[in-house]
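Work through the exercises below with the coordinates loaded. Each task is followed by a solution in steps.

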Amino acid sequence: MRLPTFAIAGCLAVMSSAVSADVTTQQPVIAGYGKVTPVEGAAERPDRSLRYRVLFNVTKAAASPDKVNPSLEKVARFLNLLGADGVRPARGDVVVIVHGPATLIVADDAAYATKTGAAANPNLALVAALKRAGVSVRVCSQALIGNGIAPATVDKTVEIDVSALTTMATLQIRGWALIPD
């Protein structure tokens, strides 16, 4: 009885490795970030007839200061998932609001290094790529002050909003879908 069980398990292992060997990841919109894997026959797919107005709430810090923030990378993954199906949100329809423990991810290299000891801010290249793709990246001014980050040290491509609370409320009232981190 044990032999057929092992044979079946072995066949499944070989089949799954063959399937995963043929699968290639894509990054059609944000190169280098947010890898996606196309899956044939997936039931729910991005809809080209919809206007994707999405607000990403980024509050969590990365596991270590030399790593890209996973919540910020989720924004790249979202754009790559849409892009894999030919959907491109209009400029400004995807918004990121950074606050809480994640606030430092929008600081320039010098301020980031001073606060973390890391050589440079690993998030700035991703922020720049998101901006090029039409994403509005913002930070809460209240979180800047609360975390002891001078507004003058925020990367110049990042907008400073009065507060994440008001940004989230305002955009949701205007029709943006909220994606929490």
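The exercises treat a predicted model and deal with strands, a loop residue and aromatic rings.

**Exercise 1. Strand order and direction**

Determine which strands pair with β2 and β3, and in which sense.

Solution.
1. Begin with β1 (residues 54–58), which runs parallel to β2 and is joined to it by five bridges. Within this pairing, phenylalanine 56 has valine 96 of β2 as its bridge partner.
2. Next, β2 (residues 94–98) pairs with β3 in the parallel sense over four bridges. Valine 95 has its bridge partner in serine 136 of β3, and valine 98 has its partner in valine 139.
3. Finally, three bridges connect β3 with β4 (residues 159–161), again in parallel. Here arginine 138 stands opposite glutamate 159 of β4.
4. Now trace the connections. β1, helix α2 (residues 70–84) and β2 form a right-handed β-α-β unit. A right-handed unit is also made by β3, helix α5 (residues 141–146) and β4.

**Exercise 2. Faces of the strands**

Assign the side chains of β2 and β3 to their two sides and decide whether they are buried or exposed.

Solution.
1. In a regular strand, side chains alternate between the two faces of the sheet.
2. For β2, one direction is taken by Val94, Val96 and Val98, and the other by Val95 and Ile97; all are buried.
3. For β3 (residues 136–140), one side carries Ser136, Arg138 and Cys140, while Val137 and Val139 are on the other, and all of these are buried.
4. Both faces of β3 are thus accounted for as covered. The count is five of five residues buried in β2 and five of five in β3.

**Exercise 3. A loop asparagine and the helix after it**

Find what surrounds asparagine 121, then list the buried residues of α4.

Solution.
1. Locate asparagine 121 in the loop between α3 (109–116) and α4 (124–132).
2. Its relative accessible area is 6%, so asparagine 121 is buried, the cut-off being under 20%.
3. Check polar contacts of the asparagine 121 side chain: the backbone oxygen of isoleucine 105 is reached at 3.0 Å, and the backbone nitrogen of asparagine 123 at 2.8 Å.
4. Leaving out residues up to four places away in sequence, asparagine 121 touches Leu104, Ile105, Val106, Ala107, Asp109 and Tyr112.
5. In α4, the buried residues are Leu124, Leu126, Val127, Ala129 and Leu130. Their cover includes α2, α3 and β3.
6. Just after α4, glycine 134 has a positive phi of about 95 degrees.

**Exercise 4. Aromatic pairs**

How many aromatic pairs does the whole structure hold, and how are the rings arranged?

Solution.
1. The search gives two aromatic pairs.
2. In one pair, tyrosine 52 and phenylalanine 78 have ring centres 6.3 Å apart and planes at 65 degrees, so the arrangement is edge-to-face. Tyrosine 52 is in the loop between α1 (2–22) and β1, and phenylalanine 78 in helix α2, so the pair ties together parts 26 residues apart in sequence.
3. The rings of phenylalanine 56 and phenylalanine 78 have centres 5.4 Å apart and planes at 65 degrees, so this pair is edge-to-face. It ties strand β1 to helix α2, parts that are 22 residues apart in sequence.
4. Ring pairs therefore link Tyr52, Phe56 and Phe78 into a cluster.
5. For accessibility, tyrosine 52 counts as buried at 17%, phenylalanine 78 counts as buried at 17%, and phenylalanine 56 is buried at 3%.

Definitions and conventions
Residues numbered from 1 in each chain as written. Predicted model: local features only at pLDDT ≥ 70, side-chain atom pairs only at ≥ 80, totals over all residues. Heavy atoms only, no water. Buried < 20%, exposed > 50% of the residue type's maximum accessible area, 1.4 Å probe, protein only. Pairing = 2+ DSSP bridges. Right-handed = clockwise from strand over helix to strand, strands pointing away. Polar contact = N/O pair within 3.5 Å; in protein donor to acceptor, adjacent residues only side chain to side chain. Contact = heavy atoms within 4.5 Å. Phe/Tyr/Trp six-rings, centres within 6.5 Å; stacked < 30°, edge-to-face > 60°.
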